[in-house]
Amino acid sequence: MTRHISIIIPVYRNTTLFLHNLEVNKPFIKDCEVIVINDYPQDDITYAVNQIVPQSKVILHTTTKGFGQTINDGVAKATGQYVLFLNTDVTFDSARFKESVHLFEKNPKLFAVSYAQKDQENNIHGGNKGSFNNGFIRHSKRSTSVLSPNLWAEGGSMICRKDLFVKFQGFDQLYSPFYEEDKDLSYVAWKSGYMVLFDPSIVVNHNHGSTIGSYFQKTKIKTIAHRNLFIFHWKNITDTSFFYKHLLSLPKMIVSTLIQGDVTFFIGFFQALIRFPTIMAQRHNQEKYFIKTDEDILSQFKTNDT
């Protein structure tokens, strides 16, 4: 039994897709601990889940909590040494994901491994990097065919050490209901002296179910994206020169966005601003773990893709 891996599956509506993919994944996950967290109280899927994977633990939220807290609740019930987060629109072709355990065993400073994701057009995603430009950390894709550092482990198909996930207090609820939680947690791990890897040899199928796009208005999604962008920077950027450049970039960005008439930017900015005291409290709480600078982290991603 591969009980040292606990597979955490957050579910929000679209249960038809989830149950179909659970059936597809069943042969590969049957010897792991499987924890399903239903974040849509109106739809109890416990019986259906247990019909497919009888040993599953099913958690039904009484209120919708969002992606980050749903994952956190699953991890709280996990008994495995490693926790694997699996979106409902992701499927396996094999059980090769279990080989990730060997990477952790070889490297005590490894926090998480992110898998290659194959989309409907057979394009591969998952490799990523970042650089500091015009006052912001710009997250971007990276093409690589070798095991190598990743700036963040993507929350829909990643595995990490449970003890470190708990130590860093999991996905921060400042970002609720979605976006930036995985980038934030990985960045905290990097600055705390740990690392994140991308393993292109382990491929999962990610047939984008677009849960967010299906159930949330576009204006709300854009507002949350803007808000969480500011939360990420105010919470995590500690290099003095970076933070000043970020602050100096804001007037230009505000004027530019004002000209474009993007109301969602201003709503998102002010939603982040009213959370500023909480953001600073979270920043202070996590800084005690930091041993690396922003420049230390981002300098690793200046090399060409391989």
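**Notebook: loops, a helix and a cavity**

I began with Thr-62, which sits in the loop between β3 (57–60) and α3. Helices (H or I, at least four residues) and strands (E, at least two) are DSSP runs, numbered from the N terminus. The model is a predicted one, in which local features need pLDDT of at least 70 and side-chain atom pairs count only at pLDDT 80 or more, while totals for chains, interfaces and linings use all residues. Residues are numbered from 1 along each chain as its sequence is written, and side-chain values use heavy atoms, with hydrogens and water left out.

Is Thr-62 buried or exposed? I looked up its relative accessible area, which is 69%, so Thr-62 is exposed. The cut-offs are under 20% relative accessible area for buried, over 50% for exposed, and partly exposed in between (1.4 Å probe, protein chains only). I also looked up the distance from Thr-62 to Ser-145: the C-alpha atoms are separated by 43 Å, and the two residues are 83 apart along the chain.

**Entry: Gln-81**

I found Gln-81 in the loop between α3 (67–77) and β4. Its relative accessibility is 49%, so Gln-81 counts as partly exposed. Which residues does Gln-81 touch, not counting those up to four places away in sequence? I noted His-4, Cys-160, Arg-161 and Lys-162. Contact here means heavy atoms within 4.5 Å. From Gln-81 to His-233 I read 31 Å, C-alpha to C-alpha, with their places 152 residues apart in sequence.

**Entry: two positive phi values**

I then turned to backbone angles. Arg-13 has phi near 55°, a positive value in a residue other than glycine. Arg-13 is placed in the loop between β1 and α1, and it counts as partly exposed because its relative accessibility is 29%.

Asn-122 is another residue other than glycine with a positive phi, near 65°. I located Asn-122 in the loop between β6 (110–118) and β7 (124–125). Asn-122 is exposed because its relative accessible area is 55%.

**Entry: a cis peptide bond**

I checked omega for the peptide bond from Ser-176 to Pro-177: the bond is cis, with omega near 10°. Pro-177 belongs to the loop between α5 (162–167) and α6.

**Entry: two buried residues**

Gly-127 is in the loop between β7 and β8 (128–133). Is Gly-127 buried or exposed? Its relative accessibility is 6%, so Gly-127 counts as buried. Leaving aside neighbours within four places in sequence, I found Gly-127 in contact with Ser-140, Lys-141, Arg-142, Asn-150 and Phe-198. Gly-127 and Ser-148 are 21 residues apart in sequence, and I read 8.8 Å between them in space, C-alpha to C-alpha.

Ser-186 is part of helix α6 (residues 181–191). At 1% relative accessibility, it counts as buried. Outside its neighbours within four places in sequence, Ser-186 is in contact with Leu-151, Trp-152, Ala-153 and Val-196.

**Entry: helix α1**

Where does α1 bend? I found a bend of about 35° at Glu-23, and a proline, Pro-27, follows within four residues. The bend at a residue is the angle between axes fitted to the seven residues ending there and the seven starting there. The buried residues in α1 are Thr-15, Phe-18, Asn-21, Leu-22, Asn-25, Phe-28 and Ile-29. I listed what covers them, which includes β1 (5–11), β2 (33–38), α2 (46–52), β4 (82–86) and β5 (90–91).

**Entry: the cavity**

How many cavities of 30 Å³ or more does the structure hold? I counted 1. On a 1 Å grid over the protein atoms alone, a cavity is a set of points where a 1.4 Å probe fits but cannot get out, and lining residues have an atom within 4 Å of a point. The largest cavity has about 50 Å³ of space, and a volume is the space filled by probe spheres set on the points.

I copied down the lining: Ile-9, Phe-18, Asn-21, Leu-22, Asn-25, Ile-29, Leu-86, Asn-87, Thr-88 and Val-90. Helix α1 (residues 15–29) gives the most to this lining, with 5 residues.

**Entry: the nonpolar core**

I ended with the largest nonpolar core, which has 80 residues. Such a core is a set of buried Ala, Val, Leu, Ile, Met, Phe, Trp, Tyr and Cys residues joined through side-chain atoms within 4.5 Å. Ile-7, Ile-8, Ile-9, Leu-84, Phe-85, Phe-97 and Phe-111 touch the most other members.

Methods
On a 1 Å grid over the protein atoms alone, a cavity is a set of points where a 1.4 Å probe fits but cannot get out, and a pocket is an open set with protein on both sides within 12 Å along at least five of seven lines; lining residues have an atom within 4 Å of a point.
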